[in-house]
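The following exercises concern aromatic pairs and the nonpolar core of a protein chain. Please study the sequence and the model before reading each solution.

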Amino acid sequence: QVRLVETGGGLVQAGDSLRLSCVDSGRTMGVYTMGWFRQAPGKEREFVAHITRYGTSGYADSVKGRFTISRDNAKNTVYLQMNALEPEDTAVYYCAARLKNTGDSMIDFGSWGRGTQVTVSS
């Protein structure tokens, strides 16, 4: 069973960096593609990045070149390194496992964590 907890959010200024962590206490995430999503107030939850069990990654156009997703299966942890943060990046960031293994839509993922707040001031 995948049980995810996100940490690392905070309040930063535009141009700063943050590193988010997602720990699976269920210790089974090594078999799944993992993803990061984010949701701003009044907005739909949107895809940010994914990484397969083998380490291949994909990104939303809005974060490509600024964010990097990585994983350490031995530590049951997925990371999201966020550089050159912008106010538009302000959102609650969620970690999840791709249970259907079909794409990057929110409905393809499950076992959601509770999220961690990222706030970027201008």
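**Exercise 1.** Determine how many aromatic pairs the structure holds, and describe the pair formed by Phe37 and Phe47.

*Solution.* This predicted model holds four aromatic pairs. Phe37 and Phe47 form one that is edge-to-face, with 5.7 Å centre to centre and 75° between the planes. An angle over 60 degrees counts as edge-to-face. Because Phe37 lies in strand S4 and Phe47 in strand S5, the pair ties together parts ten residues apart in sequence. Both Phe37 and Phe47 are buried.

**Exercise 2.** Describe the pair of Tyr94 and Trp112, and state whether each residue is buried, partly exposed or exposed.

*Solution.* Tyr94 and Trp112 also form an edge-to-face pair, at 6.5 Å centre to centre and 90° between the planes. Tyr94 belongs to strand S9 and Trp112 to the loop between strand S10 (109-110) and S11, so parts 18 residues apart in sequence are tied together. Buried means under 20% relative accessible area; Tyr94, at 13%, therefore counts as buried. Trp112, at 28%, is partly exposed. In addition, the charged end of Arg45 sits over the ring of Trp112, 4.9 Å from its centre. Ring pairs link Phe37, Phe47, Tyr94, Phe109 and Trp112 into a cluster.

**Exercise 3.** Identify the residues with the most contacts inside the largest nonpolar core, and the strand that supplies its largest share.

*Solution.* The largest nonpolar core has 30 residues, and Trp36, Leu80, Met82 and Tyr93 have the most contacts inside it. Strand S9 supplies the largest share, five residues. Beyond four places away in sequence, Tyr93 touches residues including Trp36, Leu80 and Met82.

Key:
Residues are numbered from 1 along each chain as its sequence is written. This is a predicted model: local features need pLDDT of at least 70, side-chain atom pairs count only at pLDDT 80 or more; totals for chains, interfaces and linings use all residues. Side-chain values use heavy atoms; hydrogens and water are left out. A nonpolar core is a set of buried Ala, Val, Leu, Ile, Met, Phe, Trp, Tyr and Cys residues joined through side-chain atoms within 4.5 Å. Buried means under 20% relative accessible area, exposed over 50%, partly exposed in between (1.4 Å probe, protein chains only). Helices (H or I, at least four residues) and strands (E, at least two) are DSSP runs, numbered from the N terminus. Contact means heavy atoms within 4.5 Å. Rings of Phe, Tyr and Trp (its six-membered ring) pair if their centres lie within 6.5 Å; planes under 30 degrees apart count as stacked, over 60 as edge-to-face and the rest as tilted. A charge sits over a ring if NZ of Lys or CZ of Arg is within 6 Å of the ring centre and within 35 degrees of the ring normal.
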